[in-house]
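User: I am new to this structure and would like to be guided through it by question and answer. Please begin once it is shown.

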Amino acid sequence: MSANKILIVDDEEIIVRLLSMSLRSDGYETVTALSGEQGLEVFKAESPDIVVTDIKMPGMDGLELLKMIKEIDPEKEVIIVTGHGDIDSTITALQYGASDFINKPVRDESLAIALDRAKAKIDIREKLREYTENLELKIAEATEDIRRKSNFQRLLIKSSNDAIVAFDHDWKVVVYNPEAARMFGEAAKDVRHKMTIDDLYTPKIARIFKNQAKKEKQHNMLPWRENIINTKDGRQIPVRYNSNVLHEKGDFVGTVSFFQDLTEIKRLETELVQSERLAAVGQTISGLAHYVKNILIGLQGGSYVVDVGIAKNNTEKFKTGWETIKRNIKRIGDLTQDLLTYSKQREPEFEPCLPNDIVDEVIELVKDFAESKDVFISKEFDPGIGEVAADSQTIHRSLLNLINNAIDACIEDEDTSKKHEVKVKTYRDKNNYFCFEVKDNGCGMDKNTQKQLFDPMFSSKGGKGTGLGLLVTSKLIEEHNGVIETKTSLGDGSTFTIKLPYEKAN
Amino acid sequence: MSKKVLVVDDDQDVRSFVVTVLEENQYMPLVAQDGIEGFEMIEKEKPDLVILDVLMPRGSGIRLYRKLKTDKNFNQIPIIMFTGITLRSFLKSQKALEEFKGGEVPEPDIYLEKPVEPEELIAAIKKKLG
């Protein structure tokens with residue numbers, strides 16, 4: 001709103017009327033007074049925007065009026081009309097806050113200029129007030145916004161499932177949420193702004209954070225790590241945590257860390273291991289039952305064939321049946337031995353023996369069977385092995401298992417175009433082991449089979465395997481301080497290598 | 001002429017048992033040691049009945065069963081499943097194959113879980129061959 005109402009004060013009525021007419025014709029609204037006292041009255045009643053007053057008046061003069069007006073409203077513009085050379089009054093008027101001066105006789109142009117200036121001042125002041133008011137509003141809005149946001153962040157931190165702890169640059173705790181209180185067993189009121197990193201964390205964890213703050217120039221998030229936290233109330237909590245060094249314009253201002261309670265996850269993990277173990281026991285028993293059932297099938301079938309042989313006086317039948325029975329008795333014997341070997345700790349009996357000869361014996365045992373299945377066995381012996389001190393039974397049984405497995409892998413192989421072969425090799429390696437390598441080009445194994453290879457009662461041979469062979473083998477080799485290595489590729493075959501510490505026979 | 005019965009089983013003990021049962025009941029036994037040999041034998045000999053094991057190397061009974069049931073030339077040959085695994089596992093593997101390869105095969109009419117008494121086996125054979 002532009003200033004438009006003008007009060008004219010002069011003791012000369014003619015001047016008041018002239019000015020008033022002139023201003024009205026310029027579009028102003030005017031009110032008038034013929035003395036200082038009257039001027040003050042009119043001012044109070046009409047509240048004009050600008051006052052134009054003569055300085056010299058009987059009674060209350062212009063200066064007095066100016067002073068009174070400024071006391072009532074310092075923002076009103078008062079233009080003083082002076083005579084020539086009235087410097088002292090002018091200075092006093094300035095001190096009282098007059099906005100402008102015009103000389104008598106008042107010329108329309110100079111009045112117009114003074115009024116424009118006064119109006120401009122009023123405008124500026126109004127704008128300033130507007131801005132100020134606006135600014136206050138804006139600040140209030142921004143403050144509310146900040147309050148809302150900080151409240152939101154506070155709630156966010158408060159409601160987090162992670163324990164959140166932040167330290168300032170003096171390592172004093174500044175953020176400590178309820179989950180942190182639960183995890184560390186210390187109430188927030190006892191911690192926040194009271195404790196330092198050394199009060200809250202174990203020396204080990206505190207050191208990690210301090211080192212990290214020293215090292216890192218920019219804020220780099222550490223990878224998640226795991227640790228155990230000892231709480232004040234004596235609990236041990238497995239946690240996963242990471243932390244972040246906070247910098248502001250390059251200055252270290254603190255650190256923030258996030259802790260996740262792993263208790264539940266660890267419990268589930270333990271449960272899983274437990275249930276896997278139970279499943280393994282179940283698999284063991286069912287595998288064993290399956291194998292025993294197969295022996296039973298053999299024995300029942302065999303005794304039927306023997307019965308027929310006896311009834312018909314058929315020696316051929318009798319022999320076939322009897323062979324079946326004997327074979328299955330042997331299977332029971334082997335199974336029992338495997339089970340005993342597996343369940344009992346046994347010290348290897350070291351004696352002088354010739355590894356190459358043992359391999360020969362084993363190959364002799366399985367050769368006929370292998371050839372009947374079109375699997376050929378080849379051997380490549382290192383004569384430098386000679387006589388060693390070893391448990392010959394361990395070598396014999398382990399190799400028998402591995403070579404039988406290799407033959408089975410060839411029989412199982414669906415690729416009948418292959419010329420199936422089991423290569424048995426002996427050699428001494430540079431780590432002073434003497435080694436037996438059994439390599440087949442049979443069916444090989446997939447990842448899953450490989451994983452379960454040494455599990456009790458796991459068998460890839462259906463009901464025809466006990467699932468004990470490799471288990472027993474690895475146990476025997478372990479007891480002999482040796483190692484067993486596996487390489488396999490599905491469809492291409494497998495290689496098993498037994499390595500035993502080389503010790504010369506004395 | 002006596003009817004031909006093919007035994008497909010990788011276990012020598014089972015084969016000699018079934019062969020003896022068959023001979024005792026005046027059938028003509030034929031043997032095969034695995035799925036592949038079994039199929040060759042079926043093509044060549046056209047047996048009147050097949051006694052089929054499930055877990056065998058080189059073409060399991062699961063696959064041979066499928067092959068026979070989906071082949072017009074052979075799907076009329078009666079099959080007795082004769083195995084150590086349960087019918088449930090057998091059907092489960094067939095179902096898995098169906099989902100994998102499509103097509104559907106009928107459930108076996110006779111499924112014997114080892115061990116089986118000779119009388120039970122011969123009753124099953126007679127039921128199929130009369």
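User: Which residues of helix H2 (residues 36-46) of chain A are buried?

Analyst: The model is a predicted one. A residue is buried if 20 or more other C-beta atoms lie within 10 Å of its own. In helix H2 of chain A, the residues that count as buried are A:Gly36, A:Gly39, A:Leu40 and A:Phe43.

User: Why do these buried residues lie on the same side of H2(A)?

Analyst: The residues concerned are A:Gly36, A:Gly39, A:Leu40 and A:Phe43. They are on the same side of H2(A) because the arc they cover around the axis is only 100°.

User: Which exposed residues does the face of H2(A) turned away from its buried side carry?

Analyst: The buried side of the helix holds residues such as A:Leu40 and A:Phe43. A residue counts as exposed if 12 or fewer other C-beta atoms lie within 10 Å of its own. On the face turned away from the buried side, the exposed residues are A:Glu41 and A:Ala45.

User: What covers the buried residues of H2(A)?

Analyst: Both strands and a helix of chain A are included in the cover. The strands are S1 (5-9), S2 (29-33) and S3 (50-54), and the helix is H3 (62-72).

User: Which residue just after H2(A) takes a positive phi?

Analyst: Helix H2 of chain A spans residues 36-46. Just after this helix, a positive phi of about 45° is taken by A:Ser47.

User: How many helices and strands does chain A have, and what percentage of its residues is buried?

Analyst: The secondary structure of chain A comprises 15 helices and 17 strands. The chain has 506 residues. Of these, the buried share is 31%.

User: Among contacts in chain A between residues at least 6 apart in sequence, what percentage joins residues at least 24 apart?

Analyst: The contacts considered are those in chain A between residues at least 6 apart in sequence. The share of them that joins residues at least 24 apart is 59%.

User: How many bridges join strand S9 (residues 236-248) of chain A to strand S8 (residues 225-230), and how many join S9(A) to strand S10 (residues 251-261)?

Analyst: S8(A) and S9(A) run antiparallel, and A:Asn227 has A:Val239 in S9(A) as its bridge partner. S9(A) and S10(A) also run antiparallel, and A:His247 is partnered by A:Phe252 in S10(A). The bridges number six between S8(A) and S9(A), and between S9(A) and S10(A) they number ten.

User: Which residues take a positive phi in the hairpin of S8(A) and S9(A) and in the hairpin of S9(A) and S10(A)?

Analyst: The hairpin of S8(A) and S9(A) has five residues between its strands, and the phi in its turn is about 85°. In the hairpin of S9(A) and S10(A), two residues lie between the strands and the phi is near 50°. The residue in the former hairpin is A:Gly234, and in the latter it is A:Lys249.

User: Where does A:Asn313 lie, and is it buried or exposed?

Analyst: A:Asn313 lies in the loop between helix H10 (263-312) and H11 of chain A. Its phi is near 55°, a positive value in a residue other than glycine. Because 8 other C-beta atoms lie within 10 Å, A:Asn313 is exposed.

User: Is A:Lys330, in helix H11 (residues 315-343) of chain A, buried or exposed?

Analyst: A:Lys330 has its place in helix H11 of chain A. Its C-alpha atom is 9.7 Å from that of A:Ile295, a residue 35 apart from it in sequence. With 11 other C-beta atoms within 10 Å, A:Lys330 is exposed.

User: Which peptide bonds into A:Pro105 and B:Pro115 are cis?

Analyst: A:Pro105 lies in the loop between strand S5 (100-103) and helix H5 (108-159) of chain A, and omega is near -10° for the bond into A:Pro105. B:Pro115 lies in the loop between strand S5 (110-113) and helix H5 (118-129) of chain B, and omega is near -5° for the bond into B:Pro115. The cis bonds are A:Lys104 to A:Pro105 and B:Lys114 to B:Pro115.

User: Which element gives the largest share of the side of chain B that touches chain A?

Analyst: The contact takes 23 residues from chain A and 15 residues from chain B. The residues on the side of chain B divide into seven nonpolar, four polar and four charged. The largest share of that side, six residues, comes from helix H1 (residues 12-24) of chain B.

Conventions:
Residues are numbered from 1 along each chain as its sequence is written. Chains are lettered from A and ligands numbered from 1 in the order in which they are written. This is a predicted model: local features need pLDDT of at least 70, side-chain atom pairs count only at pLDDT 80 or more; totals for chains, interfaces and linings use all residues. Two residues are in contact if their C-beta atoms, placed from the backbone, lie within 7 Å. Helices (H or I, at least four residues) and strands (E, at least two) are DSSP runs, numbered from the N terminus. Ala, Val, Leu, Ile, Met, Phe, Trp, Tyr, Cys and Pro count as nonpolar, Asp, Glu, Lys and Arg as charged, and the others, Gly among them, as polar. The arc is that of the directions from the helix axis to the C-beta atoms. Two strands pair if DSSP finds at least two bridges between them.
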